[in-house]
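User: Could you walk me through the charged pairs and the nonpolar packing in this protein? I'd like the reasoning along with each answer.

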Amino acid sequence: MSPGDYGTKAVPSYVAAEAETSPLPKITIQEPPPPPSTKGLSDLPMRLVYRTAAVVTVIAAVGVVTAAVVVTRNDPGQAAAAPAPKAVPVTAASTPAPAATSAAPSPSPSVSPLSTAMTDALDDPRVPELPGDQAKLRKFAGKSTKTRGLIKDERSGVSFPRFAGDWDLASPSPFASRQQLPKVKGSAYRGMLVSCPVPIEVQDDLKDTAFLAARWTLNHHPAGATIKWTSADYTDIDDRPAWVLGYEVSYTIKGDKRKSTAAVALVDVPASKPALVFVTIPDTQKKSYRDINTVMDQIKVL
């Protein structure tokens, strides 16, 4: 009888011998459970195997991408707290190393070697780049106006001559000090001498700051004015670094082409911002050109 043939087995002989005196008990034999399937992965259709593997791969890929997105969106501060020192990102909010804390941060930060202010200025067609060679402010013809003492600009940290004659003191606002020449008939523009802490973004290079300051002075010339450099002199004033820039300003008034002669001195005073002394004189008042030399030659640091 084969292993799969299950039924009523033969009754042993000793049981048959007792059949006359006692009934035979009914014997029921339970069929054993079917043997476990022996099919393995190799018995499955290959299409099902490939589909299963593809689904697992896609799920794994989605999990990796999701984890990357979550990590990317984590707060920078949490990333900075990671135990591995090399994984800590260097950010503006990170605590600097002790060696880097010896100097206080500049009140006028410069994020890159060429700031946005300088980039904009160099793209301004009204203002060419400064000449590469240094040149001193030229001596103008004529006599200088007499002076009567000094203007001591405590706010800017410098002093310079106070002129007599045609020059008058005027309300300084928005500057720290202001002197001006009389009005010119038929023109709203006249000579002006002012001082103030430099009113533009301070650059890492004093020359760049002087360049931006000269560009700023176009706000105090007629609309459409352009600059032509005549000098650029790096010097020292009372042992403080300074740049003196000379330039001509061209513009049009009522259809007539006019020109002014101007100069700025930018002095690196001990205060938080350099001091600016700015003088401009239109060609209608050219007899006062020599006063430009007087001012630039007699600036002192307070």
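Analyst: Sure, here are some questions and answers on salt bridges and cores, keeping in mind that this is a predicted model.

User: How many salt bridges does the structure hold?

Analyst: As a bit of background, side chains of opposite charge can pair when their charged atoms come close. For a pair to count here, a side-chain nitrogen of Lys or Arg has to be within 4 Å of a carboxyl oxygen of Asp or Glu. On that basis, the number of salt bridges in the structure is seven.

User: Take Lys 136 and Asp 233: how many residues apart in sequence are the parts that the pair ties together?

Analyst: Their side chains meet in a salt bridge, with N to O at 3.4 Å. Lys 136 sits in the loop between helix H4 and strand E1, while Asp 233 belongs to strand E6, so the bridge ties together parts whose separation in sequence is 97 residues.

User: Of those two, Lys 136 and Asp 233, which is buried?

Analyst: Buried means under 20% relative accessible area, and exposed means over 50%. Lys 136 comes out at 61%, so that one is exposed. The partner has a relative accessible area of 10%, so the buried residue is Asp 233.

User: Which residue forms a salt bridge with Asp 297, and is that partner buried or exposed?

Analyst: The closest N and O atoms of the pair are 2.9 Å apart, and the partner is Lys 139. This pair links distant parts of the chain, from helix H6 for Asp 297 to the loop between H4 and E1 for Lys 139, 158 residues apart. With a relative accessibility of 55%, Lys 139 counts as exposed.

User: Which strands does the salt bridge between Lys 259 and Glu 248 tie together?

Analyst: The closest N and O atoms in this pair are 3.6 Å apart. Lys 259 is partly exposed, at 35% relative accessibility. Glu 248 is in residues 240–253 and Lys 259 in residues 256–267, so the strands tied together are E7 and E8.

User: Which residues do salt bridges with shared partners join into one network?

Analyst: Here the bridges share partners, and that joins the residues into one network. Its members are Asp 124, Arg 126 and Arg 215.

User: On to the nonpolar side: which element gives the most to the largest core?

Analyst: That core has 36 residues, and Phe 211, Trp 229 and Phe 278 are among those with the most contacts inside it. Elements giving two or more residues include H4, E6, E7 and E8. The one that gives the most, with seven residues, is H5.

User: And how many residues are in the other core, the one with Ile 151 and Phe 160?

Analyst: This core lies apart from the largest one. Phe 163 and Ala 265 are also among its members, and its residue count is 26.

Conventions
Residues are numbered from 1 along each chain as its sequence is written. This is a predicted model: local features need pLDDT of at least 70, side-chain atom pairs count only at pLDDT 80 or more; totals for chains, interfaces and linings use all residues. Side-chain values use heavy atoms; hydrogens and water are left out. Helices (H or I, at least four residues) and strands (E, at least two) are DSSP runs, numbered from the N terminus. Buried means under 20% relative accessible area, exposed over 50%, partly exposed in between (1.4 Å probe, protein chains only). A nonpolar core is a set of buried Ala, Val, Leu, Ile, Met, Phe, Trp, Tyr and Cys residues joined through side-chain atoms within 4.5 Å.
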